[in-house]
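Student: I am new to this structure and would be grateful for a close look at one part of it. Could you please explain how the strands are arranged, and then turn to what lies beyond them?

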Amino acid sequence: MFQSTKKPGNISSAFSATQDITLPLKFKDLKDDINPKNIEGAWERLLRAFDNEIQEIQQEGSKLIPEVEFKDIQSNNGRIPESRLEEIKKRGVVVVRNVIDPKIVLEYKKDLVEYITKNRKEIVGFPENNPQVWEVYWSKSQFAARSHPNFSMVTSAVNQLWHAAKGTPIDLTTNITYCDRLRIRQPGDKSFTLAEHIDGGSVERWEDLEYRRCYENILNGNWELHDAFDATHRATATMDLYNCSGGCSMFRSFQGWMSLSDVGPGGGTLRVCPLIQLTSAYIIMRPFQPDLRDTSDMAGAIPGAQQNIPENFYPHIIKAMTSIPKVSPGNCVFWHCDMVHAVEGDCKNETDSSVFYIPATPLCTKNATYLHKQRYAFENGTSPPDFPLNNCEVTLSDRASPHDLTDLGLLGMGFKEFPVDKNLDINAQLAVMEANKILFGP
């Protein structure tokens, strides 16, 4: 049995309302303890690298965002084509076209709207008076999308952009289900505005020792050696030390969504900084620059909230932001878990700008532990463990139940044992054995 300690809320609960917060002195002490090496020269090299990239991003905009056709993944044994790997790893973001037939996806949306309309008195969202992002997790439409075989193949493909040291219990070929919200943003909306930020915690990147190890090369002054796709320490890092409502405690290799609409730049869509190595280095080194070094200020990182990326601390990142290209129903977008991203402030789309939020989450011990708790929440209709405790769907008779799930859906939600395949590498075998033990006992 699992009992959530989150407070009620909505998507805004994961963000701090103000940056005018003086952090405890323990964060100055933390900087003293970390004491990064060769930071001055590394910072100068980083700014030069940014300057070399910014002009191209500003000129090319969304054209720089890598795109892949689902059929090309399908014909490549479920892997991203070799010709696209270098660019995707540089950018940290990819649009995958034609994952699911648009007619099927529009049927998902139609059923979803009926579900929300029927149960409107029970369901909350943000903003409260006219929700654009709904606290809905257990609709049948969401589960149909999450467990569609094509989507399963795509998430496995992006997971396999990662690697881990031998002996790390992680199966990058198996994606499990992380149940997240959805967005139905109406034309003309200006209320759902997310400024530049990164998810996956904030101060935890420095405070949690295992999380900090992900950035070891950056803190040693060698940011050029930083491998943003090494899962060795991420698989066990603690990303939510402060019980943030909406703060993700699962390892998402990529955050992601499936489009339910035709939406282009200016239509209230996603914006990203498509330089994953450079932005990670900037964020990790920024609190150690002279203006902040002898203070407790962590440059936008505040306990219990996702990390804001304000322009006064991160001007180079802000200059390098761009919107993603036009997407259609059944297209999917995935962006690296360390990627700075935002949502356009004005939805100028002619129709709604709608998505299912569905990330890529490989099978590992950490994720299986979360899946065990999420499975219990699903069976009881309560809010998922990471999210505000609204429990909107508990009494809804038409929410999904385990009986509505396909075999792939049951596997992804932890209702079926993961098959032990001796053809898998040792990391995957370890992950499968540990996950089955967590979900079904020894």
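Tutor: In this predicted model, a convenient place to begin is Arg271, whose bridge partner in strand 11 is Ser323. That pair belongs to the contact between strand 9, residues 270-272, and strand 11, which run antiparallel and are joined by two bridges. Both strands are part of an open sheet of five strands, with the order 10-7-13-9-11 and antiparallel pairing. Strand 10 (307-308) and strand 11 (322-323) stand at the edges of this sheet; each has a single partner strand, so one side of each is left without a neighbour in the sheet.

A further open sheet is formed by eight strands, in the order 1-2-12-8-14-6-4-3, and its pairing is mixed. Its edge strands are strand 1 (67-69) and strand 3 (125-126), each of which pairs on one side only. Within this sheet, strand 6 (residues 182-185) and strand 14 (residues 353-357) pair in the antiparallel sense over four bridges. Here Arg183 stands opposite Val355 of strand 14.

From the strands we may turn to a helix. Helix 13, residues 365-380, contains Tyr370. Because its relative accessibility is 2%, and buried means under 20%, Tyr370 counts as buried. Leaving aside residues up to four places away in sequence, Tyr370 touches Tyr178, Ser249, Met250, Pro384, Pro385, Asp386 and Phe387. One of these, Asp386, deserves a closer look. Tyr370 and Asp386 are 16 residues apart in sequence, and their C-alpha atoms are 8.9 Å apart in space. The side chain of Tyr370 nevertheless reaches the backbone nitrogen of Asp386, at 3.3 Å.

The last feature to consider is the largest pocket, which has a volume of about 370 Å³. It is lined by 25 residues, and those closest to its centre are Ser152, Thr173, Thr174, Asn175 and Leu411. The elements that give two or more residues to this lining are helix 7 (149-159), strand 5 (170-175) and helix 14 (407-412). By class, the lining of the largest pocket comprises 11 nonpolar, 12 polar and two charged residues.

To trace these parts in the display, one may start with Arg271 and its partner Ser323 in strand 11, continue to Arg183 and Val355 in the sheet of eight strands, then find Tyr370 in helix 13, and finish at the largest pocket, with Ser152 and Leu411 among the residues closest to its centre.

Key
Residues numbered from 1 in each chain as written. Predicted model: local features only at pLDDT ≥ 70, side-chain atom pairs only at ≥ 80, totals over all residues. Heavy atoms only, no water. 1 Å grid on protein atoms, 1.4 Å probe; cavity = no way out; pocket = protein on both sides within 12 Å on 5 of 7 lines; lining within 4 Å. Points joined across faces, edges and corners; volume = space filled by probe spheres on them. Nonpolar A, V, L, I, M, F, W, Y, C, P; charged D, E, K, R; others polar. Pairing = 2+ DSSP bridges. Buried < 20%, exposed > 50% of the residue type's maximum accessible area, 1.4 Å probe, protein only. Contact = heavy atoms within 4.5 Å. Polar contact = N/O pair within 3.5 Å; in protein donor to acceptor, adjacent residues only side chain to side chain.
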